[in-house]
Every structure is written in structure tokens, then in C-alpha cells.
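Okay, thanks everyone, I'll keep this short. Have a look at the structure on the screen, and then I'll walk you through it.

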Amino acid sequence: MKIAIIGQQDFGKAALEAFLARGDEVAGVFCQPDKEGAKPDALREAAAARNVPVFQFKGLRSAPAQDALRALNVDLGVMAYVLQFAPQEFVNIPRHGTIQYHPSLLPLHRGPSSINWPISLGAKETGLTIFRPTDGLDEGPVILQKSCAIGPDETLGEVYFNKLFPMGVAALLEAADLVVAGKHTETVQDESKATYEGWFQEEESRINWANHVDVVYNLIRACNPAPGAWTMLGGVKTWIYDCRKITMGKFTGAHRPGDIHAVSDTSLTIKAQGGMIEVLKLRAEGGKKMNAGEWARANGITPA
């Protein structure tokens with residue numbers, strides 16, 4: 001088939017490579033304009049290296065963007081990690097319209113941080129959806145869904161890179177075949193089950209040690225490797241990454257959430273309600289990721 005890819009970064013690059021590898025024609029790639037000083041976009045670089053035309057418009061509402069897609073005369077548009085708004089006038093141009101990837105089981109977790117939220121909420125399952133983009137954010141009819149488990153200790157990075165990323169690329173290929181062959185179905189999303197959450201950023205990722213240890217642990221997992229769950233340690237803003245949860249089953253005397261319980265060669269342990277978090281890797285403001293115990297000893301962090 002002849003397609004256009006709209007996307008960016010490593011997921012967009014992987015989709016490009018997967019379609020090309022099986023012999024499809026990628027007539028063009030649409031990605032955001034480069035930002036000054038930012039790392040070059042992986043999709044743009046991969047397309048250029050394969051002599052695939054690259055189009056970088058500030059917005060996809062513009063007549064030039066729509067004219068460019070129309071001129072490619074493609075069978076299908078494929079949206080692979082898109083942050084630009086794509087209006088109906090754009091996505092309906094390809095012969096068979098456009099399909100879009102979203103890393104959640106829609107209508108659950110519409111929005112830009114759809115992998116973080118289910119992990120933070122302690123969900124045991126998530127998945128991906130291939131759907132028809134509409135002018136409502138992540139609201140279009142569903143073509144294909146795949147689910148996957150969230151392990152009790154899995155981080156955002158593990159769920160995405162080990163599961164949702166490769167599953168998503170494969171699902172785009174599968175959905176594209178169904179749509180172009182006219183063998184797909186489109187199921188309207190059930191609005192009574194819909195949820196929407198915004199970005200998982202600075203305020204959302206701050207640790208409240210007075211929360212239950214399960215809540216704290218899920219938050220840290222949901223932010224690892226980005227944006228990183230953070231707290232103040234020794235007066236320094238510090239992001240926590242790799243860690244272990246320790247459940248407390250007995251009363252052991254004074255237990256104030258947020259206090260330091262122990263510092264070892266490899267870790268520091270912090271108290272929360274119902275247990276403790278043993279921090280293995282952290283990054284203090286202005287520094288780099290490192291062994292938590294080593295950092296704690298170097299900065300005079302001691303048990304309360």
C-alpha cells in the first residue's frame with residue numbers, strides 16, 4: 001500500500017521502518033518543525049536517510065499542509081505519536097482515511113499521559129487502541145485494540161518499551177491491512193466509560209510521603225524514567241527512580257512518613273504509611289542519576 005506517516009520520535013521512526021520493511025511505499029512523512037537547540041527528530045532523520053519526502057508544517061490546518069498530503073495520493077494516513085492537531089480536512093484526504101495509535105484501552109485514559117496514569121492508579125492492565133482520529137481528542141471510533149498486563153513492579157519505561165511500543169507498531173500494520181482491504185469494523189467509544197487526564201508533570205509527580213506506601217510506589221513507577229517522581233531530601237529537590245517497596249505488617253514504634261529509616265552502601269530507605277520505600281537510584285537537582293546510598297552518605301543524610 002501507499003501511505004503517509006504523521007508522527008515523530010522513535011515510535012514514528014519504528015512505524016516508518018516497519019512499513020518499509022514489508023514493502024509498502026511511504027510517500028511522505030509529516031512531522032513538527034525542528035526546535036532550535038533540541039535533539040533532531042528521529043522520524044525526520046530516518047525518513048531523510050531513506051529518501052522519503054519530509055514535510056514540516058507548523059500546523060496541519062493550513063492549506064499548504066493539506067495540499068502536500070493531497071498531492072501524495074496515498075491510500076492511508078498513519079498517525080504514529082502525534083502532538084499536532086490533525087483536523088478532519090487533513091485526515092480524510094487519503095483514499096481510505098487515516099488511522100491513529102493511542103497507548104491506552106480507549107475510552108479509558110484519553111489524553112497525553114495515558115501510560116503514566118494507569119500505573120499510578122495501580123491498574124493491573126492497560127493496552128493500545130488503533131482508531132479513527134476525529135476533532136475530539138482520542139474520541140474517534142475504534143478499529144483495533146490489544147491489551148497487556150502491568151506487572152506489580154513494572155515501571156513506565158518497561159510497560160512502554162517492552163510492551164506498548166512493539167505491540168503498537170505491529171497493531172498499526174494489522175489495522176492498516178484491515179482498513180485498506182475493507183475488512184475492518186469501527187466501534188463507537190462508550191462515553192459512559194470514558195476518562196480523560198492531562199499531562200503528568202511537575203505537580204502530579206511530587207511524592208506525598210503521608211500517602212500509603214502502595215500509592216507512593218505506584219507514583220514512582222509511573223514516573224520512571226520520566227518525568228521522575230520527586231521529593232525534597234536534605235533541602236535538595238531530588239528525583240527518585242529505581243526503588244523497592246517494603247510493606248510493614250507490625251507496629252514498630254514511631255513511624256513518621258517522610259523520615260529516613262536507613263542508609264546503606266547502595267540505598268536509602270524512606271518511611272510512608274504502611275511501609276517504606278528503599279530508593280536505589282536518584283538524581284539530585286543539578287546532578288546526574290546515581291546510587292542512592294552513595295549520594296545520601298555524601299550529603300549527610302542520616303536516619304531520623
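So, starting with the surface: the protein exposes about 14400 Å², and carbon and sulfur atoms supply 51% of that. Keep in mind that this is a predicted model. The C-alpha trace spans about 70 × 45 × 30 Å along its principal axes. In terms of secondary structure, you've got eight helices and 15 strands. Of the 304 residues, 50% are buried. And if you take contacts with a separation of 6 or more, 66% of them come from residues 24 or more positions apart.

Now the inside. The largest nonpolar core has 41 residues, and Ile5, Leu16, Phe19, Val29, Ile99, Ile130 and Leu172 are the ones with the most contacts inside it. Which helix gives the most to this core? That's helix 6, residues 156–180, with 12 residues. There's another core apart from that one, with 26 residues, including Trp117, Trp209, Val213 and Tyr217.

Let me pick out valine 29 for a second. Leaving out anything up to four places away in sequence, valine 29 touches Ile5 and Leu16, then Leu43 and Ala47, and also Val52, Pro53, Val54 and Phe55.

Okay, on to a residue I like, aspartate 41. You'll find aspartate 41 in the loop between strand 2 (25–30) and helix 2 (42–49). Here's the fun bit: aspartate 41 is buried, yet has no salt bridge. The nearest side chain of opposite charge is arginine 44, and that's 5.9 Å away. So what does the aspartate 41 side chain have around it? Well, a polar atom of that side chain lies 2.9 Å from the backbone nitrogen of glutamine 9, and the backbone nitrogen of leucine 43 lies 3.0 Å from a polar atom of the aspartate 41 side chain. Setting aside neighbours within four places in sequence, aspartate 41 is in contact with Gln8, Gln9 and Cys31.

Last stop, another aspartate, number 242. Aspartate 242 is in the loop between strand 9 (236–240) and strand 10 (243–247). Is aspartate 242 buried, exposed or partly exposed? Its relative accessible area is 33%, so we call aspartate 242 partly exposed. The side chains of aspartate 242 and asparagine 224 are joined by a polar contact of 3.0 Å. Not counting residues up to four places away, aspartate 242 touches Asn224, plus Glu278, Val279, Leu280 and Lys281. And C-alpha to C-alpha, aspartate 242 and alanine 222 are 11 Å apart in space, with those positions 20 residues apart in sequence terms.

That's me done, thanks.

Methods: Residues are numbered from 1 along each chain as its sequence is written. This is a predicted model: local features need pLDDT of at least 70, side-chain atom pairs count only at pLDDT 80 or more; totals for chains, interfaces and linings use all residues. Side-chain values use heavy atoms; hydrogens and water are left out. Helices (H or I, at least four residues) and strands (E, at least two) are DSSP runs, numbered from the N terminus. Buried means under 20% relative accessible area, exposed over 50%, partly exposed in between (1.4 Å probe, protein chains only). Lys and Arg count as positive and Asp and Glu as negative; His and the chain ends are not counted. A salt bridge is a side-chain nitrogen of Lys or Arg within 4 Å of a carboxyl oxygen of Asp or Glu. A polar contact is a pair of N or O atoms within 3.5 Å; within protein, one must be able to donate a hydrogen and the other to accept it, and residues adjacent in sequence count only if both atoms are side-chain atoms. Contact means heavy atoms within 4.5 Å. A nonpolar core is a set of buried Ala, Val, Leu, Ile, Met, Phe, Trp, Tyr and Cys residues joined through side-chain atoms within 4.5 Å. Accessible areas come from the Shrake-Rupley method with a 1.4 Å probe; for residues, only the protein chains shown count as cover.
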